[in-house]
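User: I am new to this structure. Please take a close look at its nonpolar core, and add whatever is unusual in the backbone.

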Amino acid sequence: MNSSEDQYSVRRMRLEDVEQVHQLDVISFSLPWPERSFRYELTENPSSRMWVVESAGETGKRVIGMLGLWLIVDEVHIGTLAVHPDYRRQGIAQKLLITSLLKACTEGASKAYLEVRKGNLAAQALYTKFGFKITGIRPRYYSDNGEDALMMTLDPMLAKDLAGFLER
């Protein structure tokens, strides 16, 4: 469980985070990535930008959130975003999303894309809050249950708008 004494920091993922990130992925999603995929993203994919939120509380440091995105020319594709169930609804996903998108802006990104389960209303609300709009549907996208994916787009993605969210 989290504590009011916990302190959070957003930073780029490191190889020593992979085991904890994979565990977070497994408890968060019905189709988690294999652990080797996180290693690949960190060591072999130049388009990949992997992020974590680390908690430094009474129980020591631990990864409680993660986000993976790919930056290709001027476009960001968010591939995964999760926060540990004990830490949800505290603004951690928001800070992780904004921090990673702001950094992508400094690297030349001007738009962002993602897919989200049609039934994941909490995630849709998060993305909508930051200006993402539903721009399409991928029918039966998820192989575990055939659920549709909603395609969401943030275009334009402006650093000044994103920075405003961090200030609030």
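**The nonpolar core and the backbone**

Analyst: In this predicted model, V73 is exposed, with a relative accessible area of 73%, so V73 is no candidate for a core made of buried residues, those under 20%. V73 is found in the loop that runs between β3 (60–72) and β4 (75–83). Its phi is near 55°, a positive value in a residue other than glycine.

R89 is found in the loop between β4 and α3 (92–106). Phi of R89 is positive too, near 65°, and R89 counts as exposed at 84% relative accessibility. Most residues other than glycine have a negative phi, and most peptide bonds are trans. A cis peptide bond, with omega about 5°, joins D155 and P156; P156 is found in the loop between β7 (149–154) and α5 (159–167).

Now the core itself. The largest nonpolar core has 34 residues, and those with the most contacts inside it are V76, I78, L97, L101, Y127, F132 and M157. At least two residues each come from β2 (48–57), β3, β4, α3, β5 (111–117), α4 (121–129) and β7. The largest share, nine residues, is supplied by α3.

Y127 gives a closer view of this core. Leaving aside its neighbours within four places in sequence, Y127 is in contact with L81, L97, L114, V116, F132 and M152. Another core lies apart from the largest one; it has 12 residues, among them M13, W33, F38 and W70. In soluble globular proteins, nonpolar side chains tend to be buried together.

Notes:
Residues numbered from 1 in each chain as written. Predicted model: local features only at pLDDT ≥ 70, side-chain atom pairs only at ≥ 80, totals over all residues. Heavy atoms only, no water. Helix = DSSP H or I, 4+ residues; strand = E, 2+ residues; numbered from the N terminus. Buried < 20%, exposed > 50% of the residue type's maximum accessible area, 1.4 Å probe, protein only. Core = buried A, V, L, I, M, F, W, Y, C linked by side-chain atoms within 4.5 Å. Contact = heavy atoms within 4.5 Å.
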